[in-house]
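Take a look at the chain below before reading on. The report starts in one loop and then widens to the rest of the chain.

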Amino acid sequence: MRKGIMVIAALLLSACSSGSEEPRYYQLPNHQLSNAQLSQAAASQSMMATNPGQGQRQLWVEQVSVPDYLAGNGVVYQTSDVQYVIANNNLWASPLDQQLRTSLVANLSRNLPGWVVASQPLGSDQDTLNVTVTGFHGRYDGHVIVSGEWLLNHQGTLIKRPFHVEMTQPQDGYDAMVKVLGEAWAQQASNMAREINRLP
């Protein structure tokens, strides 16, 4: 009898704990531009509007795509070499591909002075950037992984580069993981900007 009561109590406790956990929603951290950078961006946009085509290099971030396992609402965590868990209660506040694209436009704008970077087409002289993200998750060994490849159409020439950024997550938990994922994505944007800046 006592054993039966203990089993029922355990089942009730597990049902309560699983049902009472509220979903948590995550947005990638916004790496704010400084006042000087904001002023420069505003001046560039103003010059672009009044003098289209005068010395401004243009970059359209056409698309950031993610695979199916990253395209859902759940934040992804890798538990072994071959196994991934998609969280049920730790969710992206908006679709991950949109967050990645918005963040990429902001980071490239900051790192490409003299360029107008946008998520909408800018004109016939624009360069076009497409990014395919294949990894954007935390891992069992305390690292986060951001990987994939980007394809730039620069004046009719296609430039394709793979990327892989691995950073240590200093604390446990989804909050820390999302912050470090944001840092890794910002670092990758800086790496892209360096390569783009070298173009003739």
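Gln155 sits in the loop that joins S7 and S8. The model is a predicted one. Gln155 counts as exposed, because its relative accessibility is 63%. Its backbone stands out. Most residues other than glycine have a negative phi. Gln155 is not a glycine, yet its phi is positive, at about 55 degrees.

**Around the loop**

Gly156 shares this setting, in the loop between strand S7 (143-154) and strand S8 (157-168). Gly156 is exposed too, with a relative accessible area of 64%. Its C-alpha atom is 10.0 Å from that of Asp125, and 31 residues along the chain separate the two.

Step back to His154 and the picture changes. His154 belongs to strand S7. Is His154 buried or exposed? With a relative accessible area of 5%, His154 is buried. Leaving out residues up to four places away in sequence, His154 touches Arg57, Asp127, Ile159, Leu199 and Pro200.

**The whole chain**

How is the protein chain built up? From the N terminus on, its elements run α-β-α-β-α-β-β-α-β-β-β-β-α. That gives five helices and eight strands. The protein chain has 200 residues, and 36% of them are buried. Contacts across the sequence are common here. Of the contacts with a separation of 6 or more, 66% join residues 24 or more positions apart.

**Val133 in strand S6**

Val133 is placed in strand S6 (residues 127-139). Val133 counts as buried, since its relative accessibility is 0%. Which residues does Val133 touch, not counting those up to four places away in sequence? They are Val64, Ser65, Val66, Pro67, Leu70, Leu100, Ser147, Gly148, Phe163 and Trp185. Two of these residues return below. Leu100 is in H4 and Trp185 is in H5.

**Helices H4 and H5**

H4 has 16 residues. From its first C-alpha to its last it reaches 22 Å, close to the 22 Å expected at 1.5 Å a residue. Several of its residues are buried: Leu96, Gln99, Leu100, Ser103, Leu104, Val105, Asn107 and Leu108. A general rule helps in reading that list. An α-helix has 3.6 residues a turn, so residues three or four places apart point the same way.

How do H4 and H5 meet? The axes of helix H4 (residues 96-111) and helix H5 (residues 174-197) come within 9 Å. They cross at roughly 50 degrees. H4 and H5 are therefore oblique to each other. Their crossing is right-handed.

On the H4 side, the contact uses Leu100, Ser103, Leu104, Asn107, Leu108 and Asn111. On the H5 side, it uses Trp185, Ala186, Ala189, Ser190, Met192, Ala193 and Asn197. By class, the contact of H4 with H5 has eight nonpolar residues, five polar ones and no charged ones. Burial and contact overlap in H4. Leu100, Ser103, Leu104, Asn107 and Leu108 are among its buried residues, and these five also meet H5.

Asn197 is part of helix H5. Is Asn197 buried or exposed? At 40% relative accessibility, Asn197 counts as partly exposed. Beyond its neighbours within four places in sequence, Asn197 is in contact with Asn111, Leu112 and Trp115. Asn111 is one of the H4 residues that meet H5.

**Asp81 and some C-alpha pairs**

One more loop residue is worth a look. Asp81 lies between strand S3 (74-78) and strand S4 (84-92), in a loop. Asp81 is exposed, with a relative accessible area of 61%.

The table sets out C-alpha pairs for residues discussed above.

| Residue | Partner | Apart along the chain | C-alpha separation |
|---|---|---|---|
| Gly156 | Asp125 | 31 residues | 10.0 Å |
| Val133 | Asp97 | 36 residues | 8.8 Å |
| Asp81 | Arg139 | 58 residues | 9.1 Å |
| Asn197 | Gly114 | 83 residues | 9.9 Å |

To recap, Gln155 is exposed in its loop, while His154 is buried. Val133 is buried as well. H4 and H5 cross at roughly 50 degrees, and the crossing is right-handed.

How values were computed:
Residues are numbered from 1 along each chain as its sequence is written. This is a predicted model: local features need pLDDT of at least 70, side-chain atom pairs count only at pLDDT 80 or more; totals for chains, interfaces and linings use all residues. Side-chain values use heavy atoms; hydrogens and water are left out. Axes are lines fitted to C-alpha atoms, for helices over the stretch in contact, and angles run from 0 to 180 degrees between N-to-C directions. Helices (H or I, at least four residues) and strands (E, at least two) are DSSP runs, numbered from the N terminus. Angles under 35 degrees count as roughly parallel, over 145 as roughly antiparallel, 65 to 115 as roughly perpendicular and the rest as oblique. A crossing is left-handed if the near helix is turned anticlockwise from the far one by less than a right angle, and right-handed if clockwise. Contact means heavy atoms within 4.5 Å. Ala, Val, Leu, Ile, Met, Phe, Trp, Tyr, Cys and Pro count as nonpolar, Asp, Glu, Lys and Arg as charged, and the others, Gly among them, as polar. The expected span of a helix is 1.5 Å times one less than its number of residues. Buried means under 20% relative accessible area, exposed over 50%, partly exposed in between (1.4 Å probe, protein chains only).
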